[in-house]
Amino acid sequence: MNIKTCTIALLLLSAATTVNAQSWDGTTVADSYAGGDGSKDSPFLISNAAELAKLSRDMEVEADFSLGRYFRLTQDIVFNDGVAAAADKEGGDAFPPSPVIGAFASETDYTAFKGVFDGGGHVIRGLYHTFKQDITNYLALFRVVEDGEILNLGIEDSYVYAGAYLSNLVGRAINTRIINCHVVESTLKGWGSNSGPLCAQALGTTKIQNSYCSGMDIYGKNDMGAIVGRIGNGDHNDVIVENCYADATITLNNRTNRGGVTATNSEGSIVRNCYFTPGAADDAVWPAQDKGTTVGCLQMTAVEMGTADFVQLLN
């Protein structure tokens, strides 16, 4: 599939059918997946929120449960309805907390998702993650992904509120591929820094490609990105972020270091052919923190992003 076709598919992903989508009662964990044995030819099938909660629990019980295994959504999943429109979300009690996949205690003590998660063009809606889950940093649906892949997945109507390194999708990505994913009409809010809707921190050889964020409200102390919070950790990395775009508004606490793609780009990493709206930032990468290569990135309006000419730019 070429880039143009991928882009059109991305634009259509958020319109994926929600027929038979099931909501979650906040507690139920499925006893089994909807099918499959976790192999490449027969991935574990996830058809509802309780089965996604099972993946969270399985990784709590067995840290390497996901290693070399494949998972696929078979339909849209709804955790909570009307998250974006709800009031008093910061308190952490507006909705039942949504499951998280993986764990993070420190840079050397974490449980990472190490498999392949294919959204199949489906959407997970109504995720609600806050500090009330006793998580301050790296709060996301996938807290840590290492040597894994997250593909063809949409996150919509999602809310995250905690400290630093927050994301609606992946908290910490190490040597990971995030491809054909989106985060739409969601909020990312932290009292710390280094957060981004698709990924909070990208490390190693991580690749984030053919993905987008739209209708995003992002709040933080400083160093916030409209796609990725931070590339690297002050060292050399080989991260690539390309063919992505973001329609977002970033609001900082009396700071200006924000990026239309990422606030920080490390030595050896590349940000290219990405686009962002004026509400996100003036530059793709905050200039003082761009130690890598940034090329072919432009600020555009949301109206310009809705044109056929824009599709050609991503080709």
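In this predicted model, D157 sits in the loop that runs between β9 (149–156) and β10 (159–162). D157 is buried yet takes part in no salt bridge. The nearest side chain of opposite charge belongs to R125, and it is 6.9 Å away. That distance does not meet the rule, because a salt bridge needs a side-chain nitrogen of Lys or Arg within 4 Å of a carboxyl oxygen of Asp or Glu. A polar atom of the D157 side chain does lie 3.4 Å from the backbone nitrogen of G82. Apart from residues up to four places away in sequence, D157 touches N80, D81, G82, V83, A84, G126, L127, V184, E185 and S186.

**Salt bridges**

Side chains of opposite charge can pair when their charged atoms come close. The count of salt bridges in this model is ten. Among them are the three pairs in the table.

| Pair | Closest N and O atoms | Separation in sequence |
|---|---|---|
| R125 and D76 | 3.2 Å | 49 residues |
| D93 and K132 | 2.9 Å | 39 residues |
| R177 and E149 | 2.9 Å | 28 residues |

R125, named above as the nearest oppositely charged side chain to D157, forms a salt bridge with D76. The pair links distant parts of the chain, with R125 in strand β6 and D76 in the loop between β2 (70–73) and β3 (77–78). Are R125 and D76 buried or exposed? Both are buried.

D93 and K132 form another salt bridge. D93 is in the loop between β3 and β4 (103–106), and K132 is in the loop between β7 (128–130) and β8 (142–146), so this pair ties together parts that are 39 residues apart in sequence. D93 has a relative accessibility of 61% and therefore counts as exposed. K132, at 43%, counts as partly exposed.

The salt bridge between R177 and E149 joins two strands. R177 belongs to strand β12 (residues 177–179) and E149 to strand β9, so the pair ties together parts 28 residues apart in sequence. R177 is partly exposed, with a relative accessible area of 35%. E149 also counts as partly exposed, at 23% relative accessibility. Salt bridges that share partners join D76, R125 and E156 into one network.

**Residues in loops**

K114 is found in the loop between β5 (109–111) and β6 (116–125). Why does K114 count as partly exposed? Its relative accessible area is 25%, and partly exposed covers the range between under 20%, which is buried, and over 50%, which is exposed. Leaving aside neighbours within four places in sequence, K114 is in contact with D64, S66, L67, G68, E146, D147 and G148. K114 and I174 are 60 residues apart in sequence, while their C-alpha atoms are 9.8 Å apart in space.

D134 lies in the loop between β7 and β8. Its phi is positive, about 60 degrees, although D134 is not a glycine. D134 is exposed, with a relative accessible area of 74%. N210 is not a glycine either, and its phi is a positive value near 50 degrees. N210 is in the loop between β16 (207–209) and β17 (212–220). At 9% relative accessibility, N210 counts as buried.

N243 is in the loop between β20 (240–242) and β21 (245–252). N243 is buried, with a relative accessible area of 12%. Which side chain makes a polar contact with the side chain of N243? The partner is the side chain of N273, at 2.5 Å.

**Helix α4**

N273 also appears among the contacts of L313. L313 is part of helix α4 (residues 308–313). Beyond its neighbours within four places in sequence, L313 is in contact with N273, Y275 and M300. L313 and Y275 are 38 residues apart along the chain, with 9.5 Å between their C-alpha atoms. L313 counts as partly exposed at 35% relative accessibility.

**The largest pocket**

The largest pocket holds about 270 Å³ of space. It is lined by 18 residues, and those closest to its centre are S56, E60, S98, P99 and V100. Which helix gives the most to the lining of the largest pocket? Helix α2 (residues 49–61) does, with five residues.

Definitions and conventions:
Residues are numbered from 1 along each chain as its sequence is written. This is a predicted model: local features need pLDDT of at least 70, side-chain atom pairs count only at pLDDT 80 or more; totals for chains, interfaces and linings use all residues. Side-chain values use heavy atoms; hydrogens and water are left out. Helices (H or I, at least four residues) and strands (E, at least two) are DSSP runs, numbered from the N terminus. Buried means under 20% relative accessible area, exposed over 50%, partly exposed in between (1.4 Å probe, protein chains only). Contact means heavy atoms within 4.5 Å. Lys and Arg count as positive and Asp and Glu as negative; His and the chain ends are not counted. A polar contact is a pair of N or O atoms within 3.5 Å; within protein, one must be able to donate a hydrogen and the other to accept it, and residues adjacent in sequence count only if both atoms are side-chain atoms. On a 1 Å grid over the protein atoms alone, a cavity is a set of points where a 1.4 Å probe fits but cannot get out, and a pocket is an open set with protein on both sides within 12 Å along at least five of seven lines; lining residues have an atom within 4 Å of a point. Grid points are joined across faces, edges and corners, and a volume is the space filled by probe spheres set on the points.
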